[in-house]
Structure formats: C-alpha cells, structure tokens
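Here is a small set of exercises to work through with the model open in your viewer. Try each task before reading its solution.

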Amino acid sequence: MKQCFLNGKILPLEQAHISPLDRGFLFGDGVYEVIPVYRRQCFYWHKHLARLAASLKKIHLSFDTNELNELITPIKQLIAQLPQTEQAVYLQITRGVMPQRLLPIPATCTPTVFIISQAQAPVETLKITQGIRCASAEDIRWRRCDIKSISLLGAALLTPNADSAIEETLIFRNGFLSEGCRSNFIVVKEGALHVPLADSRMLNGITYQVVCDVARACGRKVIEGDISTADVFAADEIWLTSSTREMLPVVALDKQPIADGVPGKVFQQVYAKWRQHINSDGWLDV
C-alpha cells in the first residue's frame with residue numbers, strides 16, 4: 001500500500017485528504033521540490049532544501065528552518081518503504097487552509113506539507129546514445145520562474161504531448177533562451193558551456209548546477225549570459241538537464257539537426273564524469 005506524509009503523519013495515500021479551501025488547491029499558492037534518490041539517498045539534500053527555503057521566502061511563507069530540516073526523517077521513512085533503491089521524492093508546501101476563499105494572503109495560516117516518493121526508472125539508454133528531439137516556443141508563463149511554484153499551467157501548456165517524438169520544449173523570452181518546461185538547457189560552442197543568466201526567467205536547477213560543476217572538473221569553461229535564438233540553433237551541442245532525466249543530448253530542434261545531429265564529444269566526456277560522480281559518495285550530505 002503506497003504511503004505518503006501529510007501534515008506530520010505517514011499514512012496510506014488513499015487516506016490522505018486535503019481541504020478544498022487549501023490555498024494550494026484554490027490559488028496554486030505553494031512551492032515544491034523534486035529530489036532524485038540514488039541508492040536510497042537524497043541527491044544533494046541540502047541544495048534542494050536551500051532552494052525550497054528560498055522559494056518559501058520569496059512567496060512570504062514563513063516556515064521554520066528546523067522544521068524543514070526535520071522533513072528528512074519522514075522522507076527517509078517513505079524511501080525505505082519502497083523496494084526500489086532509485087526513486088524521486090516529491091515535496092510540496094502550500095500556504096494552507098483558510099476559512100473562506102479570499103484572494104488576499106491571510107495573516108495566519110498553517111502550511112500544508114505533503115511528501116511522496118515513487119520509483120524512478122533509469123533514463124533510456126537510447127536517449128543518451130542517440131539523443132533527443134526538442135521543440136521551441138515563446139514563453140507564456142509568469143515572470144517569477146526562479147520560484148519553484150506549484151502553479152504550472154503555463155509549463156503544462158508548453159509541454160510536448162506524451163505520444164509525440166518531442167522530448168521537451170526550449171522556452172524563449174524576448175528572443176533569449178530561459179529554460180525548458182521541466183528542465184534546464186546548456187548550449188555548447190567551441191568546447192565551452194553557455195548557460196542562461198540565473199535570474200527570474202529560469203529556475204536554477206540542482207542537477208543543472210552539478211552538471212556545470214562536473215564540466216568544470218573536466219576542464220570546460222562555463223559562461224553565463226544571454227543566449228539568443230540564433231545562438232541556440234547555431235550551437236555545436238545542446239544538453240537537457242533535470243532531476244529525473246539527469247542529462248541528455250539534444251540532436252534536433254524544431255526538426256532541424258543540431259550540428260551533425262548526433263551526441264557531441266563534449267557531452268560524452270562530461271556525461272562519463274557525471275556517471276562517475278553519481279556512482280560515488282561525494283554528494284552524500286545527510
């Protein structure tokens with residue numbers, strides 16, 4: 001029987017109930033994290049915790065730091081209850097239940113905390129060796145993408161149909177790359193990694209940050225700045241990074257091949273180092 005954590009208790013998922021007056025349900029008033037689990041260990045727990053704390057602060061949701069740290073205990077319990085060692089933890093905090101539907105943020109409200117873990121299948125080998133196809137679109141989302149908000153309608157509308165051959169959508173705002181619907185992107189040109197500015201146009205992904213660190217360890221430069229649409233289509237390589245898909249090479253964008261249309265040598269070098277890092281214990285912090 002699948003278990004979850006809800007407001008201080010671990011219970012069967014089918015017994016978990018949230019009030020329809022919860023502001024997360026009514027307004028999407030909340031934030032979340034997705035944490036990869038390798039060998040039953042949360043990948044860079046403290047980095048995910050710091051990003052969650054930052055998102056909570058940005059939406060003016062007061063949450064005690066010690067309470068956040070204590071969430072690792074139920075997370076470990078949920079992880080232990082699944083037979084699979086590789087998982088993904090979903091953690092969501094909303095502002096909580098209010099007595100009636102009012103748009104102004106209430107002065108006092110008890111946050112709703114929900115956590116669940118589920119098995120995570122390995123990334124398909126063909127996606128790594130042959131690459132993935134992506135599409136591009138103009139950004140229709142709100143302007144605070146640095147907040148990991150549960151309000152994901154804009155991203156959902158841009159997400160490729162599950163039955164299509166398109167893996168992901170690269171999102172552009174005013175002619176510059178921001179991120180993907182569920183991922184970050186890295187553009188490689190002349191051996192260097194070019195990444196968008198980590199501002200309100202994108203969520204600074206944890207896996208994305210670690211991949212950049214791994215690339216630096218491989219002797220690659222990481223250059224942060226605006227990346228135009230033309231720069232993207234003229235790239236030598238494009239990579240996708242995300243918590244659940246790790247890192248993948250993009251070989252075609254809007255049906256146009258990227259460079260030779262095959263995973264590039266820089267990707268192969270950094271991906272090999274990434275696998276070594278994942279298989280080590282260097283990232284264990286809880």
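**Exercise 1. A hairpin and its turn**

Arginine 173 stands opposite phenylalanine 176 in E9. Keep in mind that this is a predicted model. Work out how E8 and E9 pair, and what lies between them.

*Solution.*
- Step 1: E8 and strand E9 (residues 176-180) run antiparallel and share four bridges.
- Step 2: two residues separate E8 from E9, and the two strands form a hairpin.
- Step 3: look at the backbone of the turn, where asparagine 174 has a positive phi of about 55°.

**Exercise 2. The other neighbour of E8**

Find out in which sense E7 and E8 pair, parallel or antiparallel, and describe the path of the chain from E7 to E8.

*Solution.*
- Step 1: six bridges join E7 and E8, in the parallel sense.
- Step 2: one bridge to locate is that of alanine 135, whose partner in E8 is threonine 169.
- Step 3: between E7 and E8 the chain passes through H6, giving a β-α-β crossover that is right-handed.
- Step 4: check how covered E8 (residues 166-173) is; seven of its eight residues are buried.
- Step 5: on the way from E7 to H6, stop at isoleucine 140, which sits in the loop between strand E7 (132-138) and helix H6 (153-158). Ile140, Leu153 and Leu157 make a nonpolar surface patch of about 340 Å².

**Exercise 3. An open sheet**

Give the strand order of the open sheet of six strands, and explain why E2 and E4 each have one side without a neighbour.

*Solution.*
- Step 1: the order is E2-E1-E6-E5-E3-E4, and the pairing is antiparallel.
- Step 2: strand E2 (9-12) and E4 are at the edges with a single partner strand each, so one side of each has no neighbour in the sheet.
- Step 3: now move inward to E3 and strand E5 (residues 87-94), an antiparallel pair joined by eight bridges. Valine 31, for example, has isoleucine 93 in E5 as its bridge partner.

**Exercise 4. Aromatic pairs across the chain**

A search of the whole structure gives eight aromatic pairs. Classify the geometry of the pair formed by tyrosine 38 and tryptophan 283, then do likewise for phenylalanine 43 and tryptophan 274.

*Solution.*
- Step 1: recall that planes over 60 degrees apart count as edge-to-face.
- Step 2: the rings of tyrosine 38 and tryptophan 283 are 6.0 Å apart, centre to centre, with 65° between the planes, an edge-to-face pair. This pair links distant parts of the chain, 245 residues apart: tyrosine 38 is in strand E3 (residues 30-38), and tryptophan 283 is in the segment after helix H9 (265-279). Both tyrosine 38 and tryptophan 283 are buried.
- Step 3: for phenylalanine 43 and tryptophan 274 the values are 5.9 Å centre to centre and 75° between the planes, so by the cut-off of over 60 degrees this pair is edge-to-face. Phenylalanine 43 lies in the loop between strand E4 (41-42) and helix H2 (45-58), tryptophan 274 lies in helix H9, and the two are 231 residues apart. Both phenylalanine 43 and tryptophan 274 are buried.
- Step 4: put the pieces together, and ring pairs link Tyr38, Phe43, Tyr44, Trp274 and Trp283 into a cluster.

**Exercise 5. Buried or partly exposed salt bridges**

There are 18 salt bridges by count. For three of them, decide whether the partners are buried or partly exposed.

*Solution.*
- Step 1: the cut-off for buried is under 20% relative accessible area.
- Step 2: arginine 95 and aspartate 29 form a salt bridge whose closest N and O atoms are 2.7 Å apart. The two residues are 66 apart in the chain, and both are buried.
- Step 3: arginine 245 meets glutamate 167 at 3.1 Å, N to O. Arginine 245, at 9% relative accessibility, is buried, and glutamate 167, at 14%, is buried too. Glutamate 167 belongs to strand E8, and arginine 245 to the loop between strand E13 (237-242) and strand E14 (246-253).
- Step 4: arginine 216 and aspartate 213 form a salt bridge at 2.9 Å. They are three residues apart in helix H7 (residues 206-217), and therefore about one helical turn separates them. Arginine 216 is partly exposed at 43%, as is aspartate 213 at 41%.
- Step 5: extend the view from step 3, and you find Glu124, Lys127, Glu167, Glu168 and Arg245 linked in a network of salt bridges.

Conventions: Residues numbered from 1 in each chain as written. Predicted model: local features only at pLDDT ≥ 70, side-chain atom pairs only at ≥ 80, totals over all residues. Heavy atoms only, no water. Phe/Tyr/Trp six-rings, centres within 6.5 Å; stacked < 30°, edge-to-face > 60°. Buried < 20%, exposed > 50% of the residue type's maximum accessible area, 1.4 Å probe, protein only. Patch = residues over 30% accessible without salt bridge, like charges linked within 9 Å, V, L, I, M, F, W, Y side chains within 5 Å. Areas by Shrake-Rupley, 256 points an atom, 1.4 Å probe, with all protein chains shown as cover. Salt bridge = Lys/Arg side-chain N within 4 Å of Asp/Glu carboxyl O. Pairing = 2+ DSSP bridges. Right-handed = clockwise from strand over helix to strand, strands pointing away.
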